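Reader: I would like to learn how to read a structural model carefully, one feature at a time. Could you take me through one?

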Amino acid sequence: MTEGWDHPSPFTLSLAPAAEDIDGLDHTNNAVYVRWCGQAGWAHSEALGLGLADYRSLDRAMAIRDAHYDYLLPSFEGEALVLGTWLTASDGRLTMQRRFQLRRAGDGVTLMRGRWTLICIEISSGKPRRMPPEFLAVYEAAIVRENTP
């Protein structure tokens, strides 16, 4: 499933809704998609070489300032899904943008799109701070310039 992604070369997680992910409408609860995006964002950061231990040692973190999700179609218990994510923008100082796209594995149909604006904070104070050189070296190299939704 290489075609149909909003951006090239997504970092992906394969997922399937479990029984506890299903809500009263018999489809995956939207909050589960939010949780999955969090998991994908961390997994991508770790794959790039920056994990929680690095954040703590640098006393810096990329925190979600704004999150937006477009829920396009439902998913159901046991359905094979693939969640792709990319870093799509950075000001090189304080902020970055991360995008998400959730697709059904069987036919590639997009079920959800998400967008986060991230801000670099000092963990010890919670205040915005410039991204350290380690963040810039790793995250700037991973930026995929936006070309679609």
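Author: What follows is a conversation about the overall fold, one helix and a few single residues.

Author: This is a predicted model, in which local features need pLDDT of at least 70 and side-chain atom pairs count only at pLDDT 80 or more, while totals for chains, interfaces and linings use all residues. Residues are numbered from 1 along each chain as its sequence is written, and side-chain values use heavy atoms, with hydrogens and water left out.

Reader: How many helices and strands are there in the protein chain, and in what order do the elements run from the N terminus on?

Author: Helices (H or I, at least four residues) and strands (E, at least two) are DSSP runs, numbered from the N terminus. The protein chain has three helices and five strands, and from the N terminus on their order is β-α-α-β-β-β-β-α. Its radius of gyration, taken over C-alpha atoms, is 16 Å, close to the 15 Å that the globule rule (2.2 Å times the number of residues to the power 0.38) gives for 149 residues, so the chain is as compact as a globular protein of that length. Along the principal axes, the C-alpha atoms fill a box of roughly 45 × 30 × 20 Å.

Reader: What share of the residues in the protein chain is buried, and what share of the contacts comes from residues 24 or more positions apart?

Author: Buried means under 20% relative accessible area, exposed over 50%, and partly exposed in between (1.4 Å probe, protein chains only). Buried residues make up 42% of the 149 residues. A contact means heavy atoms within 4.5 Å, and of the contacts with a separation of 6 or more, 71% join residues 24 or more positions apart.

Reader: Why can residues three or four places apart in an α-helix point the same way, and which residues of helix α3 are buried?

Author: An α-helix has 3.6 residues a turn, so residues three or four places apart point the same way. In helix α3 (residues 133-142), the buried residues are F135, Y139 and A142. They cover an arc of only 55° around the axis, counted from the directions from the helix axis to the C-beta atoms, which puts them on the same side of α3. The face turned away from that buried side carries the exposed residues P133, A137 and A141. Among the elements that cover the buried residues of α3 are α1 (30-48), β3 (81-90) and β4 (95-104).

Reader: Where is I143 found, and which residues does I143 touch?

Author: I143 is found in the segment after α3 and, at 13% relative accessibility, counts as buried. Leaving aside residues up to four places away in sequence, I143 touches L87, T88, A89 and S90. I143 and R98 are 45 residues apart in sequence and 9.1 Å apart in space, C-alpha to C-alpha.

Reader: What should I look for in the phi angles, and what is phi of S9 and of D59?

Author: Most residues other than glycine have a negative phi. Phi of S9 is near 50°, a positive value, and S9 sits in the segment before β1 (11-15), where it is exposed with a relative accessible area of 70%. Phi of D59 is near 55°, also positive; D59 is found in the loop between α2 and β2 and, at 22% relative accessibility, counts as partly exposed.

Reader: Is R56 buried or exposed?

Author: R56, which lies in helix α2 (residues 52-58), counts as exposed at 60% relative accessibility.
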